[in-house]
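Dear colleague,

I am handing over a structure for your files, together with an account of what was found in it. Please look through the sequence and the coordinates before reading on.

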Amino acid sequence: QKAGYPQEDIIEIHGSWYDPSNPVVCYDGALKSDLYGKMKDAADSADLVIVLGTSLSGLNSDRVAVNPSRRSLQGKSLGTVIVNLQQTIHDGEATLRIFAETDKVFENLLSRLKMPLEVCPLLNTPEFKVLVPYSKTGKLSQKVKMYLDLTKGQKIKLNPKHNCQGAKQPVYMHIGSKEPHV
């Protein structure tokens with residue numbers, strides 16, 4: 001996201017610490033069905049997946065890396081590249097496995113491709129505010145932007161399709177609940 005990748009193309013399947021309408025999902029929690037569908041489509045159609053710095057520790061999202069690597073055995077995809085310092089349970093299925101820091105791998109790759117490493121400028125925004133491509137009514141927009149202000153005490157309005165109950169995070173269980181949460 002900080003690199004400028006479009007937010008609407010990012011699937012935060014296990015939730016986001018910074019999006020109150022998509023709280024982080026506990027291991028026994030339920031994933032948002034719309035995001036699950038997008039994730040499954042990506043897993044079933046990706047030609048090459050590059051996994052950076054994750055343990056691939058048995059979560060639902062692991063299929064995004066595993067499915068293309070398995071399809072590559074039949075010549076139906078290029079497979080999966082895993083770049084990580086630690087071992088994963090899927091290392092043996094990877095088309096290419098690199099044990100290294102991701103920054104160093106990409107610095108070397110850019111150098112070999114003779115491409116300059118351009119530093120992304122940081123926005124000078126307050127600590128709990130971020131500029132997002134949404135209108136004040138919560139509609140995704142290519143033209144309008146607004147600040148999402150998560151400063152303590154600020155009132156926010158959640159998307160009607162929020163996953164606060166499904167995430168099973170104790171601190172959020174009262175949101176959207178039909179009965180008081182104790």
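The notes below go through the sheet, the helices and several single residues.

Please bear in mind throughout that this is a predicted model.

The sheet

The sheet is open and consists of three strands in the order E1-E2-E3, with parallel pairing. Strands E1 and E3 are its edges, since each of them pairs on one side only. From one strand to the next, the twist averages 10 degrees. As general background, strands of a sheet pair through backbone hydrogen bonds, and the pairing may be parallel or antiparallel.

Between E1 and E2, the parallel pairing extends over five bridges. Valine 49 has threonine 80 in E2 as its bridge partner, and isoleucine 50 stands opposite valine 81 in E2.

The side chains alternate along E1. Val49 and Val51 point to one face and are buried, whereas Leu48, Ile50 and Leu52 point to the other face and are not buried.

The helices H1 and H2

In general, two packed helices are described by the angle between their axes and the distance between the axes. Here, helix H1 (residues 33-45) packs with helix H2 (residues 63-72) at an angle of about 25 degrees, and their axes are 7 Å apart. Because of that angle, H1 is roughly parallel to H2. The crossing in which H1 passes H2 is right-handed.

Which residues of H1 and H2 meet? From H1 they are Tyr36, Met39, Ala43, Asp44 and Ser45, and from H2 they are Arg63, Val64, Asn67, Pro68 and Arg71. The residues of this contact divide into five nonpolar, two polar and three charged.

Helix H2 also lies across E1 and E2, and runs at about 130 degrees to E2. Its buried residues are Ala65, Val66, Pro68, Ser69, Arg71 and Ser72. The cover over these buried residues of H2 includes H1, strand E1 (48-52) and E2.

Aspartate 41 is found in helix H1. With a relative accessible area of 52%, aspartate 41 is exposed, because the cut-off for that class is over 50%. Aspartate 41 and aspartate 149 are 108 residues apart along the chain, and their C-alpha atoms are separated by 32 Å.

Residues in the loops

Most residues other than glycine have a negative phi. Two residues in this model should be read with that in mind.

Leucine 56 is found in the loop between E1 and H2. Its phi is near 45 degrees, which is a positive value in a residue other than glycine. Is leucine 56 buried or exposed? Leucine 56 is buried, with a relative accessible area of 4%.

Lysine 114 is found in the loop between helix H3 (102-112) and E4. Lysine 114 also has a positive phi, of about 55 degrees, although it is not a glycine. In contrast to leucine 56, which is buried, lysine 114 is exposed, with a relative accessible area of 74%.

A further loop, between strand E2 (79-83) and strand E3 (96-98), holds histidine 90. Histidine 90 has a relative accessible area of 13% and is therefore buried, the cut-off being under 20%. Leaving aside residues up to four places away in sequence, histidine 90 touches Leu56, Asp62, Val66 and Ile82. Among these contacts, Leu56 is the loop residue with the positive phi described above, and Val66 is one of the buried residues of H2.

Strand E4

Leucine 131 has its place in strand E4 (residues 129-132). Its relative accessible area is 35%, so leucine 131 is partly exposed. Not counting residues up to four places away in sequence, leucine 131 touches Lys145, Met146 and Tyr147. Leucine 131 and serine 61 are 70 residues apart in sequence, and in space they are 27 Å apart, C-alpha to C-alpha.

Points to look at in the model

For a reader new to this structure, the following places may serve as a guide:

- the contact of H1 with H2, where Tyr36 and Met39 are among the residues on the H1 side;
- the pair of valine 49 and threonine 80, bridge partners in E1 and E2;
- histidine 90 and its contact with Ile82;
- leucine 131 in E4, together with its contact Tyr147.

Yours sincerely

Key:
Residues numbered from 1 in each chain as written. Predicted model: local features only at pLDDT ≥ 70, side-chain atom pairs only at ≥ 80, totals over all residues. Heavy atoms only, no water. Axes fitted to C-alpha atoms, helices over the stretch in contact; angles between N-to-C directions. Helix = DSSP H or I, 4+ residues; strand = E, 2+ residues; numbered from the N terminus. Parallel < 35°, antiparallel > 145°, perpendicular 65-115°, else oblique. Left-handed = near helix turned anticlockwise from the far one by under 90°. Contact = heavy atoms within 4.5 Å. Nonpolar A, V, L, I, M, F, W, Y, C, P; charged D, E, K, R; others polar. Buried < 20%, exposed > 50% of the residue type's maximum accessible area, 1.4 Å probe, protein only. Pairing = 2+ DSSP bridges.
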